[in-house]
Structures are given as C-alpha cells and as structure tokens.
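Here are my notes on the model you sent over, written as numbered points. Have it open on screen while you read.

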Amino acid sequence: MIRLLDLAAEYRELKSEIDAAVARVFESSQFILGPEAAAFEEEFAAFCDVQYAVGVNSGTSALHLALLAAGIGPGDEVLTVPFTFFAGVAAIEYAGATPVYVDIDPETFNLDVRKIASAITERTRAIVVVHLYGQPADMDPILEIARRHKLIVIEDAAQAHGAEYKGRRVGSIGDLGCFSFYPTKNLGAAGEGGLVTTNNSEYARTLQLLRNWGEDRRYHPVLKGYNYRMPALQAAILRAKLPCLERWIEVRRGLAAQYDRLLERAAVARPAVLPDVRHVYCLYSVRAEGRDGLQRGLESAGIQTAVHYPLPIHLMPAYADARYQAGDFPAAEACARTVLSLPMHPYLTAEQVKQVAAEIFKLVDKKDQAAVPSVR
Ligand SMILES: *Cc1c(COP(=O)(O)O)cnc(C)c1O
C-alpha cells in the first residue's frame with residue numbers, strides 16, 4: 001500500500017522529541033497558551049520572517065480573526081476563490097461579510113489575477129488569497145490591484161508553510177497570513193491548531209485579545225472575543241516538529257520533481273509552477289480526463305489518492321447562493337472534475353514514486369493519444 005500521507009512515520013522519527021514535549025507540558029500543568037505557545041509564536045514568526053505571530057486553535061479561527069482584526073464585517077464584500085477548502089468562505093460569512101468569487105487559473109490552481117478587476121465593487125474591502133496545494137499565488141499583481149482599490153490582503157497559507165514568492169515567505173506578503181496545523185498539513189499538530197501572522201502591531205494586539213475572550217486582564221473583556229486559544233500541548237508538539245520542516249519541504253520538492261519528470265509524457269496534466277516561487281507541495285495534484293477511473297485503478301493497485309476538491313464552493317449545497325450557478329467559474333468547475341492528488345509526504349520513497357508513475361502509465365493513454373484537460 002502506497003499511502004497519500006504517513007503521519008505514523010513522522011512520529012517514529014521524532015518520538016523522543018515529541019514525548020519530551022508532551023511531558024514538559026504535563027509537568028508545567030499550564031495547558032492553555034502559556035510559555036510553550038509564546039515560544040512557538042516566536043519561532044514560527046522567525047520561520048515566516050514576520051514580526052508577529054498569534055497562535056489560535058485552528059486555521060479556520062485564524063481566518064475568522066484575521067478578517068475581524070482587519071475590520072471586515074456586515075455589508076463588506078470579500079474576494080476569494082471558489083476552488084479551495086471552504087474554510088475561508090465560512091470565515092468570511094462568520095464575520096458577517098459576503099464572499100465574492102474570482103475564478104482560478106486551471107494550470108496553477110490559484111486565483112486568476114486577470115479576473116480580479118471585474119469582481120470589485122464599491123463594497124469590496126478585502127481579498128482572501130489562497131496558496132493552494134503549497135504554491136504561492138501570483139502576489140505582485142494582487143498587491144497592485146489591492147493598493148489601487150484599498151483592499152486588505154489576507155493570505156490563506158494553510159497549505160503553504162515555508163512557501164516563497166520572489167524570495168518572500170508566505171504569511172509575510174499580505175496584511176495578514178493564516179496558517180493551519182491540521183494534522184495533514186506540512187506542519188501538523190496532534191489535533192487542531194492555527195496561527196495568524198502580521199507585521200502590523202495593532203492587528204497583532206487585536207488578534208491577541210479576540211482569541212482570548214477579548215480580555216486585557218482576567219474577567220475584563222474590552223472586546224467581544226472568542227475562545228480560540230492555542231493549547232500548550234499543540235504548541236509544544238509543533239515546536240518539536242518545526243526544526244524538521246525545511247528538510248521535509250526539500251524532500252517533498254524532490255519527490256515532486258521526480259513526478260514531474262516521470263509523468264512528462266503521460267496523459268495527465270502536471271501542476272504548473274510560476275517562475276520565482278518555492279512550491280512546498282502540501283499536495284501534488286494532477287489533472288486527468290477520466291479522473292474517477294484513474295483513481296479506482298490506482299486504488300486497485302494499492303495506491304491511495306484523494307480529490308482536493310470534488311466540488312467548487314459555489315456548487316456546494318450549503319454554500320449555494322442565488323447569485324451563482326453552474327458555468328459561472330469554468331476553471332474551478334473543470335478542476336473539481338479532473339484533479340487527483342497523488343501520494344506525497346516526506347517519508348515517500350523515490351521507488352514508490354516510480355511505482356505510482358508506472359501505474360498511471362498503465363491506466364491512461366500516452367499524451368499523443370489522449371488530450372490532457374484544456375480549459376483555458
Ligand atoms: C486546512 C485548510 C483550512 C482550515 O484549517 P483548519 O485548521 O482545518 O481549520 C483553511 N484553508 C485551507 C486552504 C486549508 O487547506
């Protein structure tokens with residue numbers, strides 16, 4: 001069985017560090033925030049090259065608080081993509097604002113910058129930019145449009161810890177950056193976790209208040225806040241893993257380069273990577289016509305895959321909105337129909353990548369016989 005990811009292997013490698021971190025928290029008996037969370041915030045801020053990092057209890061909470069800290073609320077429109085994990089859209093709605101979708105570029109899976117301008121109205125206040133699968137979105141044109149229209153830029157970096165755009169770390173490029181430490185992300189907790197990055201001291205102060213009931217001291221709330229605090233156990237475990245993250249990213253990049261080489265002549269579309277970015281391959285997703293058959297074939301061969309994501313958000317029953325219908329975002333819809341995530345994790349071997357590629361060649365025709373999806 002070749003797994004999509006292998007969290008047990010990670011524990012086997014780091015068992016003594018993780019066990020020691022857990023013991024340290026139990027001995028301190030300080031289970032919420034405290035010195036472990038403060039130390040992790042400092043270490044993760046350095047990793048992202050930002051001034052402030054505020055730990056919270058999930059990536060979704062990070063997105064919600066980033067929007068609130070930026071002053072987003074009812075009556076505001078927030079631009080985002082319809083092809084991603086839908087937490088960003090949920091967070092925009094938690095804040096009382098209205099999500100407005102901009103289609104993606106089907107080659108990179110990220111926001112199509114050419115389509116932003118036509119989505120902007122006089123109510124647009126912010127843009128939630130997703131760095132999907134670990135590849136930074138094309139930030140320069142996004143920042144340029146944001147400057148022109150006075151939009152706040154929030155990076156959803158939940159899949160992109162350590163990714164870089166023109167030498168700058170994600171989370172340090174926009175006004176606020178949001179990270180998730182859900183176990184399947186490139187840096188995963190043993191449970192839920194999240195964090196917001198910013199270089200704005202006022203945002204940082206508001207985030208610290210909002211995550212902890214708005215209290216500036218015990219039982220004296222100065223803002224209506226939330227119970228979104230980071231548990232100390234998660235912070236301690238994340239501290240044990242953070243020193244490995246750079247190495248893990250390099251392993252992922254090496255495996256992705258190997259997939260790219262081996263699949264060059266296969267009838268699947270490989271992920272396009274912008275020049276000047278460091279893609280961190282939280283997921284390695286290809287596109288294939290007949291995706292469902294390919295997935296079934298790989299499963300029969302003992303190869304685990306997944307679809308991220310089978311429905312664009314505007315077509316999800318819970319998020320359907322009268323303003324949108326099928327056909328509105330053709331690239332997002334085509335990707336939902338064709339994407340397939342192949343096994344990708346730091347403990348995958350070159351030999352396993354070879355096996356996956358060989359199996360794909362058995363299941364799909366060569367490039368010259370079958371067209372790769374084209375939705376441009
Ligand atoms: C995982 C994820 C989130 C949500 O993070 P949680 O920690 O699960 O709340 C948000 N956006 C994207 C792109 C994600 O992949």
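**Notes, starting with the largest pocket**

1. By class, the residues lining the largest pocket split into 15 nonpolar, eleven polar and four charged. Keep in mind throughout that this is a predicted model. The volume of this largest pocket comes out at about 520 Å³, and 30 residues line it, with Gln159, Tyr182, Thr184, Lys185 and Tyr309 the closest to its centre.

2. Which elements supply at least two residues each to that lining? They are helix H3 (59–69), helix H4 (87–94) and strand S8 (176–180). H3 gives the most, with three residues.

3. Have a look at Tyr309, one of the residues closest to the centre of the largest pocket. The peptide bond that leads from His308 to Tyr309 is cis, and its omega is near 20°. Tyr309 sits in the loop between helix H8 (291–300) and helix H9 (330–338). If you plan to look hard at the pocket, I'd start with this bond.

4. Now the enclosed space. The count comes to two cavities of 30 Å³ or more, and the largest cavity has a volume of about 60 Å³. Its lining takes in Leu5, Asp6, Leu7, Glu10, Pro183, Thr184, Lys185, Asn186, Arg252, His345, Pro346 and Tyr347. By class that makes five nonpolar, three polar and four charged residues. Thr184 and Lys185 are on this list, and they are also among the residues closest to the centre of the largest pocket.

5. Two backbone angles caught my eye. Asp49 is not a glycine, yet its phi is positive, at about 60°. Asp49 lies in the loop between H2 and strand S1 (52–56). Is Asp49 buried or exposed? Its relative accessible area is 60%, so Asp49 counts as exposed.

6. The second angle belongs to Trp213, another residue other than glycine with a positive phi, here near 60°. Trp213 is placed in the loop between helix H6 (201–211) and strand S10 (215–217). With a relative accessible area of 42%, Trp213 is partly exposed.

7. On to charge pairing. How many salt bridges does a search of the whole structure find? The search finds 25. In general, side chains of opposite charge can pair when their charged atoms come close. Glu164, Arg169, Glu246, Glu250, Arg253 and Arg278 go further and are linked in a network of salt bridges.

8. Three individual pairs are worth a click. Arg114 and Asp112 form a salt bridge in which the closest N and O atoms are 2.9 Å apart. Here Arg114 is exposed, at 61% relative accessible area, whereas Asp112 is buried, at 4%.

9. In the pair of Asp292 and Arg291, the closest N and O atoms are 2.7 Å apart. This time the arginine is the covered partner: Arg291 is buried, with a relative accessible area of 7%, while Asp292 counts as partly exposed because its relative accessibility is 42%.

10. Glu215 makes a salt bridge with Arg218, and the closest N and O atoms of that pair are 3.1 Å apart. Glu215 has a relative accessible area of 13%, which means that it is buried.

11. There is also a nonpolar patch on the surface. Phe26, Phe31 and Ile32 form it, and together they have about 290 Å² of accessible area. Phe31 is placed in the loop between helix H1 (7–28) and helix H2 (34–48). Why does Phe31 count as partly exposed? The reason is its relative accessibility of 35%, since partly exposed covers the range between under 20% for buried and over 50% for exposed.

12. Last, a long-range contact to check. Ile237 belongs to helix H7 (residues 232–262), and at 7% relative accessibility Ile237 counts as buried. The C-alpha atoms of Ile237 and Gly188 are separated by 8.9 Å, with the two residues 49 apart along the chain.

Key:
Residues numbered from 1 in each chain as written. Predicted model: local features only at pLDDT ≥ 70, side-chain atom pairs only at ≥ 80, totals over all residues. Heavy atoms only, no water. Patch = residues over 30% accessible without salt bridge, like charges linked within 9 Å, V, L, I, M, F, W, Y side chains within 5 Å. Areas by Shrake-Rupley, 256 points an atom, 1.4 Å probe, with all protein chains shown as cover. Salt bridge = Lys/Arg side-chain N within 4 Å of Asp/Glu carboxyl O. Helix = DSSP H or I, 4+ residues; strand = E, 2+ residues; numbered from the N terminus. Buried < 20%, exposed > 50% of the residue type's maximum accessible area, 1.4 Å probe, protein only. 1 Å grid on protein atoms, 1.4 Å probe; cavity = no way out; pocket = protein on both sides within 12 Å on 5 of 7 lines; lining within 4 Å. Points joined across faces, edges and corners; volume = space filled by probe spheres on them. Nonpolar A, V, L, I, M, F, W, Y, C, P; charged D, E, K, R; others polar.
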